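Here is a walk through one structure, taken a few residues at a time. Keep the viewer open and turn to each place as it comes up.

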Amino acid sequence: MSSPWVLGLVWCVLGLVVGSFLNVVIHRLPRMLAMDDGAQPYNLARPRSHCPHCQTPLALRHNLPLLSFLVLRGRCAFCGAPIAWRYPLVEVGNALIWVSCGLWMPAGQQGFDAGALAWASGGSLLLALACIDWETTLLPDSLTQPLLWLGLLAAEMGWSELSLSGALWGAVVGYGSFALIAWVFERVTAQEGLGAGDFKLLAALGAWLGPLALIPLVFLAACTGAVVGLFMRARGQLREGRYVPFGPFLALAAVVLVACGPARVLQWAGLA
């Protein structure tokens, strides 16, 4: 499996399969958190995947990542209702994450190893968090906490460019800075500015990127979020409360930093 093409194909297939599972997580996890204890069994495994329009259970051939969407031309095989574009986009996006992590690693590694798998898994968690936050304004602990612990593990095992001490300080600075900003904002305006999920997400990103990288990360996320927010406001698309969730922009900024190289970004910003 030394050929980059073969290796890339393996990572692509794995990314598509995991991306298909992410769609289940994105759809079901927020609903699981909102359910009463006495409700019917509903989790990531039950009930079986089904069409949300006609409720018909899907066969295995209807659940093949990306391929089923293409063969069915984006419509349910039973009732003909359109399949949301989020499903193939998440699968393709996750495949790109896995191929990138498998063929290019921030720590300079390459191949099918634990380090690449850790980065790919972290990317998948970040993708799921971004999608859930955009749709529901939730950042579940069941995703932010594994992202945090995986970042600390990556530092300890040498899979990232950080020492364990740097990763720990990144998590502390990430959580503490947003918690302080939110506290001051609430004291001054009597309104909630940032949710606790944002604190935890930035703590997790700090564990992966380090404390200094959080400065350009938050700056880029804030600028991107402001532009998108103004655009949505001009088109009357802002949701109730007139805000956009911040998590997707933190995730996007993290991807940009990793793609550019955190050390290179810190040099450009004069922080290293």
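The side chain of Asp 133 makes a polar contact with the backbone nitrogen of Gly 247, at 2.9 Å. A polar contact here is a pair of N or O atoms within 3.5 Å; within protein, one must be able to donate a hydrogen and the other to accept it, and residues adjacent in sequence count only if both atoms are side-chain atoms. Asp 133 sits in helix H4, residues 114–136. Helices are DSSP runs of H or I with at least four residues, numbered from the N terminus. Asp 133 is buried, because its relative accessible area is 4%. The cut-offs are under 20% relative accessible area for buried and over 50% for exposed, with partly exposed in between (1.4 Å probe, protein chains only).

A word on the model before going further: it is predicted, so local features need pLDDT of at least 70 and side-chain atom pairs count only at pLDDT 80 or more, while totals for chains, interfaces and linings use all residues. Residues are numbered from 1 along each chain as its sequence is written, and side-chain values use heavy atoms, with hydrogens and water left out.

Now look at helix H7 (residues 196–209) and helix H9 (residues 247–260), which pack at an angle of about 10° with their axes 10 Å apart. The axes are lines fitted to C-alpha atoms, for helices over the stretch in contact, and angles run from 0 to 180 degrees between N-to-C directions. H7 is therefore roughly parallel to H9, the term for angles under 35 degrees. From H7, the contact draws on Asp 198, Leu 201, Leu 202, Leu 205 and Leu 209, and from H9 on Gly 247, Leu 250, Ala 254, Leu 257 and Val 258. Contact means heavy atoms within 4.5 Å. How do the residues of this contact divide into nonpolar, polar and charged? Eight are nonpolar, one is polar and one is charged. In this scheme Ala, Val, Leu, Ile, Met, Phe, Trp, Tyr, Cys and Pro are nonpolar, Asp, Glu, Lys and Arg are charged, and the others, Gly among them, are polar.

Leu 250 turns up again beside Ala 221, a residue of helix H8 (residues 214–234). Leaving out residues up to four places away in sequence, Ala 221 touches Phe 246, Phe 249, Leu 250 and Ala 253. Its relative accessible area is 0%, so Ala 221 is buried. The C-alpha atoms of Ala 221 and Leu 252 are separated by 7.3 Å, with their places 31 residues apart along the chain.

How many salt bridges does the count come to? There are two, where a salt bridge is a side-chain nitrogen of Lys or Arg within 4 Å of a carboxyl oxygen of Asp or Glu. In one of them, the side chains of Glu 135 and Arg 86 meet at 2.9 Å, N to O. This pair links distant parts of the chain, 49 residues apart: Glu 135 is in helix H4 and Arg 86 in helix H3 (residues 86–103). Glu 135 counts as partly exposed because its relative accessibility is 39%, whereas Arg 86, at 16%, is buried.

Another salt bridge joins the side chains of Asp 141 and Lys 200 at 2.8 Å, N to O. Here too the partners come from distant parts of the chain, 59 residues apart, with Asp 141 in helix H5 (residues 141–157) and Lys 200 in helix H7. Asp 141 is partly exposed at 33% relative accessible area, and Lys 200 is partly exposed at 26%.

Lys 200 also appears among the contacts of Thr 144, along with Leu 129, Leu 139, Leu 201 and Ala 204, leaving aside neighbours within four places in sequence. Thr 144 lies in helix H5 and is buried, with a relative accessible area of 2%.

Some backbone details round off the walk. Thr 137, in the loop between H4 and H5, has a positive phi of about 60° although it is not a glycine. Gln 55 also has a positive phi without being a glycine, at about 65°, and is found in the loop between H1 and H2. That loop also holds Pro 47, and the peptide bond from Arg 46 to Pro 47 is cis, with omega near -5°.

Notes. Helix = DSSP H or I, 4+ residues; strand = E, 2+ residues; numbered from the N terminus. Parallel < 35°, antiparallel > 145°, perpendicular 65-115°, else oblique.
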